[in-house]
Protein chains: 2
Amino acid sequence: MENFVLENPTKIIFGRHTIKSLGAEAAALGRKAILVYGRGSIKKNGIYNDTNDSLRAAGLAVVEHGGVKSNPALGFVREGIELARRHNVDMVIAVGGGSVIDTAKAISAGAVVEHDVWKFFSGKKGVTSPLPLGCVLTIAASGSEMNGGMVITNEEKGLKLGAGNKKLCPRFAILDPGATFSVPPDYTAYGAVDAISHILEFYFTCQGENTGVQDRFMEGLVINLMEACDISLLEPHNYPARANLMWCATMALNGWVSAGLGWVGFPMHMIEHSMSAIYDVPHGAGLSAVIPAWMRWQIGRNPAKLAQFGRRVFAIAATDDVEAAGQGIERLKSWFVKINSPTSFVGLDIPRTAIPALAANSQTQAKIWRLREYDQAVVSEILGLIP
Amino acid sequence: MENFVLENPTKIIFGRHTIKSLGAEAAALGRKAILVYGRGSIKKNGIYNDTNDSLRAAGLAVVEHGGVKSNPALGFVREGIELARRHNVDMVIAVGGGSVIDTAKAISAGAVVEHDVWKFFSGKKGVTSPLPLGCVLTIAASGSEMNGGMVITNEEKGLKLGAGNKKLCPRFAILDPGATFSVPPDYTAYGAVDAISHILEFYFTCQGENTGVQDRFMEGLVINLMEACDISLLEPHNYPARANLMWCATMALNGWVSAGLGWVGFPMHMIEHSMSAIYDVPHGAGLSAVIPAWMRWQIGRNPAKLAQFGRRVFAIAATDDVEAAGQGIERLKSWFVKINSPTSFVGLDIPRTAIPALAANSQTQAKIWRLREYDQAVVSEILGLIP
């Protein structure tokens with residue numbers, strides 16, 4: 001167990017029909033909100049009306065900024081910042097998934113500073129006093145609803161970079177599993193893969209020793225994420241399954257499982273970010289291709305931990321660590337196949353010839369994230385293990 | 001998964017040599033502290049000096065209120081409230097275990113109101129604006145360092161009652177596992193039992209369905225608590241074991257495992273509180289006698305959950321639920337015996353003839369905690385299962 005400081009101020013309001021509490025929660029933050037949302041799904045499923053009704057009933061003025069796309073774009077963030085300034089809003093409300101919440105975080109941080117918002121991502125500036133932020137989550141995936149991280153794609157530079165600060169933790173997050181009933185099967189699966197990937201990054205890359213407590217916590221989450229995803233795909237309106245998927249995805253990246261792990265890297269995310277920066281593939285789709293390749297690359301480096309994963313998560317009986325590790329990776333990959341999340345370049349519609357460009361793209365991130373081991377040759381080697 | 005609201009503002013500062021941050025953390029809360037501590041162990045192990053040095057170096061004035069005993073007494077709380085008022089302190093600092101922190105919470109709540117502090121426990125008054133509270137934890141057990149609960153014994157009335165309010169969550173909690181190296185074997189064991197009991201109360205009494213996420217979280221904590229306690233008893237200065245014990249005990253009762261469980265009861269605590277109210281036994285010691293009896297009483301009522309516990313925590317292979325449940329209870333009881341925590345009336349030095357008085361004493365709590373099923377006859381029946 002390594003030293004840590006843990007402080008997560010986000011108030012979670014979880015459960016059925018909790019969206020109606022949005023107005024009251026938001027009214028505690030200010031009087032005028034910029035409402036950030038995606039490309040229309042919330043208008044089809046009624047959540048747009050519910051959130052607007054609740055905000056207006058609480059007497060709040062609302063400026064709308066809809067149209068966030070997945071792999072959210074810097075240009076859209078900059079437009080939001082302009083809008084927030086012009087209307088002098090005093091809070092940001094996000095209604096959507098990780099892309100929407102990350103966009104909202106970038107607007108909340110960028111609206112109050114003179115410099116361009118990209119400087120937070122290039123590491124040249126730190127977040128100081130962002131506008132208060134609240135969110136209504138509509139997809140179980142990123143965990144952004146209960147942490148201070150954000151990932152934005154700079155379209156001009158072809159870079160997808162992350163930044164974070166605990167001041168960006170939403171003041172409140174409304175998690176109504178019913179809001180995810182209409183998430184289509186592909187994005188339900190990608191969301192589960194994303195949440196699992198967060199756990200696996202912690203589980204396999206942590207440099208601290210004696211992580212028995214965190215290990216069992218993480219193994220339990222992975223098992224539950226897979227079970228809940230399976231049921232959600234068969235029965236999209238199954239409340240308990242959607243609820244478990246949602247809560248597990250939040251816990252995967254809210255600081256609880258990682259407390260005490262010491263230094264952790266996010267190499268799988270780094271590689272995937274290059275994929276989605278250049279080819280705009282969905283984040284979870286890219287991850288399900290990268291994860292088994294990265295894990296296979298790790299077999300010689302960390303067989304005991306990989307074997308523990310296989311034995312505890314998939315009840316693999318093999319006593320040899322390398323054998324148990326290999327079987328565990330295959331079981332996880334088979335599960336990705338089962339839920340129709342891509343595990344190959346063909347599945348991602350990316351040509352294998354893109355490997356050098358992807359590896360080159362990853363190097364800006366490798367520098368910022370201090371993943372020194374991951375030079376172009378290593379990233380190419382890992383990408384080469386994707387079928 | 002049931003609806004829940006989760007908001008835990010406590011800042012955790014965990015790890016080696018973290019006590020030196022006390023002054024800086026406390027200085028953010030005010031200028032003058034009442035320092036609450038126990039009966040001298042912190043003077044022997046150096047923590048008293050370390051905390052005092054840190055507070056004074058940060059320029060804080062300190063009024064001392066040492067002498068808290070286990071099963072902390074209302075009289076001592078009242079004296080602390082008088083002292084806090086007389087010196088016009090603006091914060092409370094607790095250095096100790098659950099008894100000390102609970103005493104500090106009661107002082108922080110009571111110092112700012114006109115009425116007697118016991119009214120918080122008898123349910124006649126609610127906590128409104130307590131003095132800010134910070135703590136340095138010296139024993140892994142109660143979880144009080146990261147929640148808003150407190151339990152105090154009214155010596156005159158012979159009642160041990162709890163009360164809670166999220167405003168009583170410590171603003172910060174310093175968790176240095178090294179501070180627990182000198183905890184003697186008996187209290188190390190009782191602390192582990194206490195933490196396990198919190199989990200078992202949630203695990204077995206929750207009324208919500210579909211608790212798969214929380215179940216695995218809790219099973220992992222129980223396994224880790226047993227492992228870490230075993231090692232801590234063999235090697236009291238084993239840092240990783242003391243660290244795991246400490247962090248698991250905090251997570252057992254900070255709201256994380258219980259989020260989504262719906263209504264839960266604390267019947268084992270209720271019965272134990274009557275024991276320690278009348279006979280002043282250590283809380284964990286009473287619990288290790290009550291837990292197996294209560295679980296055995298539950299076999300006919302909840303065999304599936306008891307069987308799941310036995311299978312997942314003790315790898316019991318029995319396919320019949322009642323059989324697996326019974327074996328799980330025996331394994332847990334054997335572990336209590338192994339760590340020298342009492343499992344019988346003789347071990348507690350309480351005569352069996354006390355059963356009617358204990359059952360009668362429990363009824364005040366049963367009313368406050370809404371454990372209607374637990375009338376005197378039922379409590380007597382459960383107590384009768386203790387050998």
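**View 1. Strand 2 and strand 9 of chain B in the predicted model.** Strand 2 of chain B runs parallel to strand 9 (residues 172-175) of chain B, and four bridges join them. The model shown here and in the other views is predicted. B:K11 has B:F172 as its bridge partner in strand 9 of chain B.

**View 2. The open sheet of seven strands.** The strand order is 1(A)-2(B)-9(B)-6(B)-5(B)-3(B)-4(B), and the pairing is mixed. Strand 1 (4-6) of chain A and strand 4 (61-66) of chain B are the edge strands, each pairing on one side only. From one strand to the next, the twist averages 15°.

**View 3. Two helices across strands of chain B.** Helix 3 (residues 47-57) of chain B lies across strands 3, 4, 5 and 6 of chain B, at about 155° to strand 4. Helix 5 (residues 98-110) of chain B lies across strands 3, 5 and 6 of chain B, and runs at about 170° to strand 5.

**View 4. Contacts between chain A and chain B.** In chain B, 31 residues are in contact with 31 residues of chain A. Helix 8 of chain B supplies the largest share of the side that touches chain A, eight residues. This side of chain B has 16 nonpolar, nine polar and six charged residues. Strand 2 (residues 11-14) of chain A pairs with strand 1 of chain B in the antiparallel sense, over three bridges. Here A:F14 stands opposite B:F4.

**View 5. Helix 7 of chain B.** The 21 residues of helix 7 (residues 185-205) of chain B should span 30 Å at 1.5 Å a residue, which agrees with the 30 Å between its end C-alpha atoms. Helix 7 of chain B is largely enclosed by the rest of the structure, because 18 of its 21 residues are buried.

How values were computed: Residues numbered from 1 in each chain as written. Chains lettered and ligands numbered in written order. Predicted model: local features only at pLDDT ≥ 70, side-chain atom pairs only at ≥ 80, totals over all residues. Contact = placed C-beta atoms within 7 Å. Nonpolar A, V, L, I, M, F, W, Y, C, P; charged D, E, K, R; others polar. Pairing = 2+ DSSP bridges. Expected span 1.5 Å × (residues − 1). Buried ≥ 20, exposed ≤ 12 C-beta atoms within 10 Å, placed from the backbone. Axes fitted to C-alpha atoms, helices over the stretch in contact; angles between N-to-C directions.
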